[in-house]
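Work through the exercises below with the sequence and the structure in view. Try each task before reading its solution.

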Amino acid sequence: MLDERQRLLAERLQRVREYLGLSQQFVADHTDIPRVAISAIENGKRKVEAIELEALARLYKYPVSHFLDGAVEESASIRALAREATSLTERDREEVLRFAQFLKSYGRSRHEETASPDAHA
């Protein structure tokens, strides 16, 4: 029986594949992972190997960390952003990522300014 992390990994792999509208056969054809293995992985009957996870993440255009990190509920806006990003060029996706990192950093620095004791003086 798979442990909780392995179960979450299996669920995430299946959820992303279905979200992208890909069949198990399509995934098998583009990753060289047999379709029966993909089914077994998604159903929690087989562990995914690291090289398989890398191939799946590459095909799905998600970082491997998306599948390995703790459970994160995706909001509608995150799903929409991911959907739009799949149609961008690699260069444009990198630019979007840099902008997201900037916004994250900018938001953190603004929060630190308002949270610091000096900001209220």
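Patches are made of residues with over 30% relative accessible area and no salt bridge, where like charges are joined within 9 Å and nonpolar side chains (Val, Leu, Ile, Met, Phe, Trp, Tyr) within 5 Å. A salt bridge is a side-chain nitrogen of Lys or Arg within 4 Å of a carboxyl oxygen of Asp or Glu. Accessible areas come from the Shrake-Rupley method with a 1.4 Å probe, and for residues only the protein chains shown count as cover.

The model is predicted: local features need pLDDT of at least 70, side-chain atom pairs count only at pLDDT 80 or more, and totals for chains, interfaces and linings use all residues. Residues are numbered from 1 along each chain as its sequence is written, and side-chain values use heavy atoms, with hydrogens and water left out.

**Exercise 1.** State which residues form a nonpolar patch on the surface, and place L103.

Step 1. The patch consists of F99, F102, L103 and Y106, and together they have about 420 Å² of accessible area.
Step 2. L103 belongs to helix α7, residues 90-115. Helices (H or I, at least four residues) are DSSP runs, numbered from the N terminus.
Step 3. L103 counts as partly exposed because its relative accessibility is 42%; buried means under 20% relative accessible area, exposed over 50%, and partly exposed in between (1.4 Å probe, protein chains only).

**Exercise 2.** Describe the surroundings of E52.

Step 1. E52 sits in helix α4, which spans residues 50-60.
Step 2. Its relative accessibility is 9%, so E52 counts as buried.
Step 3. The E52 side chain reaches the backbone nitrogen of E49 at 2.8 Å.
Step 4. Neighbours within four places in sequence aside, E52 is in contact (heavy atoms within 4.5 Å) with I33, I41, R46 and K47.

**Exercise 3.** Follow one of these partners, I41, in the same way.

Step 1. I41 is part of helix α3.
Step 2. With 4% relative accessibility, I41 counts as buried.
Step 3. Apart from neighbours within four places in sequence, its contacts are A10, L13, R46, K47, V48 and E52.
Step 4. I41 and Q6 are 35 residues apart in sequence, and their C-alpha atoms are 9.4 Å apart in space.

**Exercise 4.** Examine the phi angles of D32 and K61.

Step 1. D32 is not a glycine, yet its phi is positive, about 60°. K61, also not a glycine, has a positive phi of about 60°.
Step 2. D32 lies in the loop between α2 (24-31) and α3 (35-42), and K61 in the loop between α4 and α5 (64-68).
Step 3. D32 counts as exposed at 72% relative accessibility, whereas K61 is partly exposed at 48%.

Note on methods:
Helices (H or I, at least four residues) and strands (E, at least two) are DSSP runs, numbered from the N terminus. A polar contact is a pair of N or O atoms within 3.5 Å; within protein, one must be able to donate a hydrogen and the other to accept it, and residues adjacent in sequence count only if both atoms are side-chain atoms.
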